[in-house]
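Reader: I would like to go through this model step by step, beginning with its overall make-up and ending with a few local details. Could you take my questions in turn?

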Amino acid sequence: MRRRPMFPDEGYKTLTVEEKKKDMPRANKGMSLLMAINCIVELADGEGMSEEFMKAVEEYVGVLAKRQGLDDVQAVLFAILVEKSASDNSTEVSDLARFLNVNNVKMLRYRRCLDELIKMGLLRKSKNRHFNRMEYNVPSEVIDSLVEDRPYKRKSYKSADGIEFFQHFYDITHLRYEEEISTEQMLDEVMRLFQENPDSTFVKAITSKKLKPMDMLVVTHFCRHLVMHGKKSLDSDHLAFLFDEQHERYRFCRTLSEGTHALMKKKYLEKAFEDGFESDSDFCLTEACRKRLLKDFDVKVPENVDNSILASSKIAHKDLYFCEGVQRQIDTFANLISEQHYNDICARLKEKGLRQGFACLFYGAPGTGKTESVLQLARQSGRDIMQVNVSEIKDKWVGESEKNIKAVFDRYRTIVKQSKRAPILLFNEADAIIGKRLTNVNRSVDKMENAMQNIILQEMESLEGIMIATTNLEENMDGAFERRFLYKVRFEKPEAEQRRRIWQSLLPTLKDETAMMLASKYDFSGGQIENIARKCGVESVLYGDDVVTEELIDRFCSEEVISKKGVRIGFCA
């Protein structure tokens, strides 16, 4: 191949295109595609697409153009790009300009020809991730067809079934992931995939909604992951590769996170729940979308393991005994949240312009039945419990805790809308979040605590549903919280008669007089009595029922109380 001299005085003799052609073979019907390409490349070096050059390469261009379905200019550009790609090099427009010995501006007139080659599948355009420049290369499958001396034919996307359809879709998007094609090329290929499968139930369903091409692609991406891998949700960052430009990626992820993306407004996508919290970065297909698009697929949607939801049907019955005042308040609250009265009460409050949320505080000493009362109220009313783990909400990173607590209420609102019966939102052992707010704070941690509390207070103002908080330290509660709890139930240690009934409910073999003796002798809470009953159960399993005597029970009672006597520290005299 002729090379131009770097300096005029090198004594290099410039050959004309006709002189270069003298030693080349004549084109004929038997000439291979690679031979025709080689001749074009040898003659093109430094010739600038001149009329003289185009006339000289006419016979070789004719072989390539006729067999591959190109025009003359496309054939020349394609031949040069094959030569560059044969050495595993990508080519920029400036490389083509140097090869042809023309300026870059002149090369711009051939951009449309390059775009046509891309649409034919003979060329790919991608961005160089290091230099942020567009590069062209001839795909390996095109090179293989030339080596075998056969015209390249684009891969058919006609699919035998839905699985093959999604495999074709993966092949296309994976090229974009590897940055071998641009977003525009990817969209063109995906649209061709849809066009070649017009009878597919999936294609009919997704094209009938007149979505934008990119939105169709995103939804199909979710469907493929669900069908092929059983993966329900995807992180927005996992989808960002679909876009060429950074600002497009940012806009896409931001609108998803804010819930303003068209696919979320049209109920194709929704935020996923992870570890009991609504995610700002994970998304999934809505149930309606899955049913509409994937009805021909045997898709088993994996359930998110969500320990924060306790189904009312799984709560075991348990008898609770309280003094008259406490029992009266619990009964009132139970009637309020019963299905028979709840909806009617909410409707009447709405008519009067009053808030329809019901927040209740259960406070008192440990072991007095606060948490168990919530469980039994849920079981009786048929309402599930959304449990909030306060320790999981608090995050060491400033700003994350506020997001977490906001996500709790966002999620609760979503569940209320989706449930026939509003569940109970339970903040168990809520001492850490309803305590007195700090003043004159400087530390970021203290500011975070106050910010969390302000969010909870605001959410309680607009609450629509049922919220119960339990605490052992009511004396430390902020006054603003106290005002927002409509019902406040103080749980006290049971009196002797209640303790007797608790003893006999947990140890049914106890005689009345024994139960009364224990109730009078030991000022225990219900939790403490339950501890002793469990220890008796262990003894029965290990050594038989006969071993559980009044003496053993009395010993267990004595062991239940930890001695508070002071301990001297230091050396003995």
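Author: Helices, here, are DSSP runs of H or I with at least four residues, numbered from the N terminus. The model is a predicted one, and by that assignment V538 is found in helix 28, residues 526-543.

Reader: How many helices and strands are there in the chain?

Author: A strand is an E run of at least two residues. Counted in this way, the chain has 29 helices and, beside them, strands that number 11.

Reader: What is the mean pLDDT of the chain, and over which residues at its start is the pLDDT below 50?

Author: Of the residues in the chain, 87% reach a pLDDT of 70 or more, and the mean is 83. At the start there is a stretch with pLDDT below 50 that nevertheless has 22 contacts in the model beyond near neighbours in sequence, and this stretch is residues 1-12.

Reader: How many contacts beyond four places in sequence does the model have for residues 564-573?

Author: Over residues 564-573 the pLDDT stays under 50. For this stretch, the number of contacts in the model beyond four places in sequence is 0.

Reader: What percentage of the 573 residues count as buried?

Author: A residue counts as buried when its relative accessible area is under 20%. Among the 573 residues of the chain, the share that meets this condition is 46%.

Reader: Where is K267 found, and is K267 buried or exposed?

Author: The phi of K267 is near 65 degrees, a positive value although the residue is not a glycine. In general, most residues other than glycine have a negative phi. K267 is found in the loop between helix 16 (262-265) and strand 4 (269-274). Because its relative accessible area is 56% and the cut-off is over 50%, K267 counts as exposed.

Reader: What is the relative accessible area of E429, and where is E429 found?

Author: E429, again not a glycine, has a positive phi of about 50 degrees. Its relative accessible area is 54%, so E429 is exposed. As for its place in the chain, E429 is found in the loop between strand 9 (424-427) and helix 23 (431-434).

Reader: Which residues make the nonpolar surface patch of about 340 Å², and why does V538 count as partly exposed?

Author: The patch of about 340 Å² is made by V538, L542 and Y543. Partly exposed covers the range between the buried limit of 20% and the exposed limit of 50%. V538 falls in that range because its relative accessibility is 46%.

Conventions
Residues are numbered from 1 along each chain as its sequence is written. This is a predicted model: local features need pLDDT of at least 70, side-chain atom pairs count only at pLDDT 80 or more; totals for chains, interfaces and linings use all residues. Side-chain values use heavy atoms; hydrogens and water are left out. Buried means under 20% relative accessible area, exposed over 50%, partly exposed in between (1.4 Å probe, protein chains only). Patches are made of residues with over 30% relative accessible area and no salt bridge: like charges are joined within 9 Å, nonpolar side chains (Val, Leu, Ile, Met, Phe, Trp, Tyr) within 5 Å. Accessible areas come from the Shrake-Rupley method with a 1.4 Å probe; for residues, only the protein chains shown count as cover. A salt bridge is a side-chain nitrogen of Lys or Arg within 4 Å of a carboxyl oxygen of Asp or Glu. pLDDT is the predictor's confidence in each residue, from 0 to 100. Contact means heavy atoms within 4.5 Å.
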